[in-house]
Amino acid sequence: MTKSDLIAKLTEKNDFLFQKDVYKIINIFFGTISDALENGDRCELRGFGTFGVKKRKARIGRNPKNGNPVSIPEKNIPFFKMGKGMRERINE
């Protein structure tokens, strides 16, 4: 499902909301999650899952073209851990 599909589905289910209002709501929702992750915070949605950031250490990798060692810097990676309620709904 894409962002535009989500907006269309929410607009369809809520007749009292205009599509432009749903668009703003979705942008605020995802923006808030993004801001939390940028600050290194966790974002938990009960029954759905948790968004967070993990730190990957610096390491030495290999260039696949010629096999030379390449230094890969430390970086932060976003991750999602599915909640128990969502796992149970998917595995029914």
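This is a short chat about a predicted model of one protein.

Q: How many helices and strands are in the protein?
A: This predicted model has 3 helices and 5 strands.

Q: What pattern do they follow along the sequence?
A: The order is α-α-β-β-β-β-β-α.

Q: Is the protein a compact globule or more spread out?
A: More spread out: the radius of gyration is 19 Å, well over the 12 Å that the globule rule gives for 92 residues.

Q: What box do the C-alpha atoms fill?
A: Roughly 60 × 30 × 30 Å, taken along the principal axes.

Q: And what share of the residues is buried?
A: Buried residues make up 15% of the 92.

Q: What about the exposed surface, how much of that comes from carbon and sulfur?
A: The protein exposes about 7,900 Å², and carbon and sulfur atoms supply 54% of that area.

Q: Switching to strands. How do S3 and S4 run, parallel or antiparallel?
A: Antiparallel, with 4 bridges joining S3, residues 59-62, to S4, residues 69-72.

Q: Which residue in S4 is the bridge partner of Arg 62?
A: Pro 69 is the partner of Arg 62.

Q: What sits between the two strands?
A: S3 and S4 form a hairpin with 6 residues between them. Gly 67 lies in that turn and has a positive phi of about 80°.

Q: There is another glycine I wanted to ask about. Where is Gly 47 found?
A: In the loop between strand S1 (43-45) and strand S2 (49-56).

Q: Why does Gly 47 count as partly exposed?
A: Because its relative accessibility is 34%, and partly exposed covers values between the 20% and 50% cut-offs.

Q: What is Gly 47 in contact with, leaving aside neighbours within four places in sequence?
A: Gly 85, Met 86 and Arg 89. In addition, the C-alpha atoms of Gly 47 and Met 82 are separated by 8.5 Å, and those two residues are 35 apart along the chain.

Q: Now the helix end of things. Where is Thr 11, and is it buried or exposed?
A: Thr 11 is in helix H1, residues 3-13. It counts as buried, at 18% relative accessibility.

Q: Which residues does Thr 11 contact beyond its neighbours within four places in sequence?
A: Leu 17, Phe 18, Gln 19 and Val 22.

Q: Last one, on charges. How many are there, and how far apart are their mean positions?
A: The protein has 19 positive and 11 negative charges, and the mean positions of the two sets are 11 Å apart.

Note on methods
Residues numbered from 1 in each chain as written. Predicted model: local features only at pLDDT ≥ 70, side-chain atom pairs only at ≥ 80, totals over all residues. Heavy atoms only, no water. Pairing = 2+ DSSP bridges. Rg over C-alpha atoms; globule rule 2.2 N^0.38 Å. Buried < 20%, exposed > 50% of the residue type's maximum accessible area, 1.4 Å probe, protein only. Areas by Shrake-Rupley, 256 points an atom, 1.4 Å probe, with all protein chains shown as cover. Lys, Arg positive; Asp, Glu negative; His and termini not counted. Charge placed at Lys NZ, Arg CZ, Asp CG, Glu CD. Contact = heavy atoms within 4.5 Å.
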